[in-house]
Amino acid sequence: MLITGGAGFIGSNLADRLASGGHRVVVYDALSRAGVDTNLEWLKREHGDRIEAVVADVRDAARLGDATASAKAVFHMAAQVAVTTSLIDPLDDFTTNVVGTLNLLEAVRTRAPTTPVIFASTNKVYGDLLDLDFERDGDTYRPVDAEINAHGISEARPLDFHTPYGVSKGAADQYVLDYARSFGLKTAVLRMSCIYGRRQMGTEDQGWVAHFLIRALERKPITLYGDGYQVRDILDVSDAVAAYLAAWHNIDAVSGTAFNLGGGAANAVSLRNLIAHIEELIGRKVDVSYSGWRAGDQRYFVADTRKAEQVLGLGARVDWRIGVAHLAQWLAEARSLDWHATLSEAAA
């Protein structure tokens with residue numbers, strides 16, 4: 001099993017699940033993101049020789065081709081993942097996300113044409129959604145449209161790429177789907193909303209759920225960009241991994257298909273909602289400041305997950321309150337923070 005970006009947050013969780021099931025997993029990763037080397041070390045400790053590391057960039061077509069040749073399935077997670085970084089260096093963003101993806105597709109087409117490819121896309125392919133009307137409801141925005149308010153944004157939504165990151169991931173998304181149409185490859189796309197969970201190295205630019213928790217646990221301030229009423233549906237990484245495996249197991253039926261993947265309406269939460277929950281968990285207020293809206297930021301994105309649930313047979317998802325509490329526990333332990341003492345302070 002080949003996982004590009006396999007030392008990253010979702011990739012390492014997927015590698016863990018596959019290796020636990022007896023598969024040999026090739027973790028192909030440039031290790032360019034801070035902290036992911038610790039994920040790789042953890043995978044090796046947990047699974048020994050079931051984990052093979054290839055430290056290389058997806059822009060290295062020769063190395064990627066060699067790793068692809070004998071793969072039973074490919075999960076393509078490797079990417080430049082931050083909107084802010086794409087605005088600073090759009091060329092690097094393009095070569096990583098578009099050229100890297102094309103390198104992979106060509107490797108599969110020429111060397112392993114029956115191997116399934118499952119691609120990690122993003123909700124950013126739908127743009128900023130500013131054509132939709134929203135209204136304030138307490139601490140959240142909600143769509144005026146009753147259907148969207150009830151179920152979220154579906155795959156029928158027209159694509160509308162914003163920011164270099166949105167363009168590069170959107171282009172890669174479309175290449176993956178077209179290689180199914182044009183060349184008969186077995187490909188599927190999962191357009192992810194906000195995924196959170198263990199092994200997430202959250203920063204201000206990417207991985208905001210973990211970032212908020214890390215700042216709160218370390219008693220540091222949090223900056224909200226915009227007004228904090230923006231809404232996302234957040235999904236525990238264990239549920240995301242289950243969806244990737246379901247797409248692989250059902251690839252003959254779903255090849256050439258894109259699915260929205262997120263927590264759905266039941267796990268929709270605003271930034272303010274999340275901070276309030278964190279304050280309950282740690283027993284004290286969090287220092288919050290505000291700054292201007294960032295480019296391409298959506299006031300609201302909740303994935304309509306009915307298609308994925310029906311076609312892929314996905315089960316019930318982890319409730320966001322429980323999942324965030326579990327992540328807080330893991331982050332406290334991973335960073336040697338005394339979680340129990342923090343709760344004791346709150347009780348006192």
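Two strands count as paired if DSSP finds at least two bridges between them. That criterion is used at the second stop of this tour, which goes through a predicted model.

**Whole chain**

Start with the protein chain in cartoon view. Its secondary structure amounts to 14 helices and 15 strands. The radius of gyration is 20 Å, close to the 20 Å that the globule rule gives for 348 residues, so the chain is as compact as a globular protein of that length. Turn the C-alpha trace onto its principal axes and the spans are about 60 × 45 × 40 Å.

Switch to a surface next. The chain exposes about 14200 Å², and carbon and sulfur atoms supply 49% of this area. Of the 348 residues, 54% are buried. For a contact map, take pairs at least 6 apart in sequence: 83% of those contacts join residues at least 24 apart.

**The open sheet**

Select strands 3, 2, 1, 4, 5, 8 and 12. In that order they form an open sheet of 7 strands with parallel pairing. Which strands stand at the edges? They are strand 3 (51-55) and strand 12 (257-261); each has a single partner strand, so one side of each is left without a neighbour in the sheet. Looking across the sheet, neighbouring strands are turned by 20° against each other on average, direction ignored.

Now zoom in on residues 2-4 and 74-76. These are strand 1 and strand 4, which run parallel and are joined by 3 bridges. Within this pair, Thr4 of the first segment has His76 in strand 4 opposite. As background, strands of a sheet pair through backbone hydrogen bonds, either parallel or antiparallel.

**Asn39**

Go to helix 2, residues 36-47, and select Asn39. Is Asn39 buried or exposed? Its relative accessibility is 0%; the cut-off for buried is under 20%, so Asn39 counts as buried. Show side chains and draw the distance to Arg199: a polar contact of 2.9 Å joins the two side chains. Then display the other surroundings of Asn39. Apart from residues up to four places away in sequence, Asn39 touches Ala7, Gly8, Phe9, Ser12, Arg199 and Met201.

**Thr203**

Move along to the loop between strand 9 (194-196) and helix 8 (208-217), where Thr203 is found. This residue is partly exposed, with a relative accessible area of 32%. What does Thr203 contact, leaving aside its neighbours within four places in sequence? The partners are Arg33, Trp208 and His211.

From Thr203, draw a C-alpha to C-alpha line to Leu129. The two residues are 74 apart along the chain, and the line is 24 Å long.

**Two residues with positive phi**

The end of that line, Leu129, is the next selection. Leu129 is in the loop between strand 5 (117-122) and strand 6 (134-137). Its phi is near 60°, a positive value in a residue other than glycine. Leu129 is buried, at 1% relative accessible area.

Finish at Arg219, in the loop between helix 8 and strand 10 (222-225). Phi of Arg219 is likewise near 60°, a positive value in a residue other than glycine. Arg219 is exposed, with a relative accessible area of 52%, whereas Leu129 is buried.

Note on methods: Residues are numbered from 1 along each chain as its sequence is written. This is a predicted model: local features need pLDDT of at least 70, side-chain atom pairs count only at pLDDT 80 or more; totals for chains, interfaces and linings use all residues. Side-chain values use heavy atoms; hydrogens and water are left out. Helices (H or I, at least four residues) and strands (E, at least two) are DSSP runs, numbered from the N terminus. Axes are lines fitted to C-alpha atoms, for helices over the stretch in contact, and angles run from 0 to 180 degrees between N-to-C directions. Buried means under 20% relative accessible area, exposed over 50%, partly exposed in between (1.4 Å probe, protein chains only). Contact means heavy atoms within 4.5 Å. The radius of gyration is taken over C-alpha atoms; the globule rule is 2.2 Å times the number of residues to the power 0.38. Accessible areas come from the Shrake-Rupley method with a 1.4 Å probe; for residues, only the protein chains shown count as cover. A polar contact is a pair of N or O atoms within 3.5 Å; within protein, one must be able to donate a hydrogen and the other to accept it, and residues adjacent in sequence count only if both atoms are side-chain atoms.
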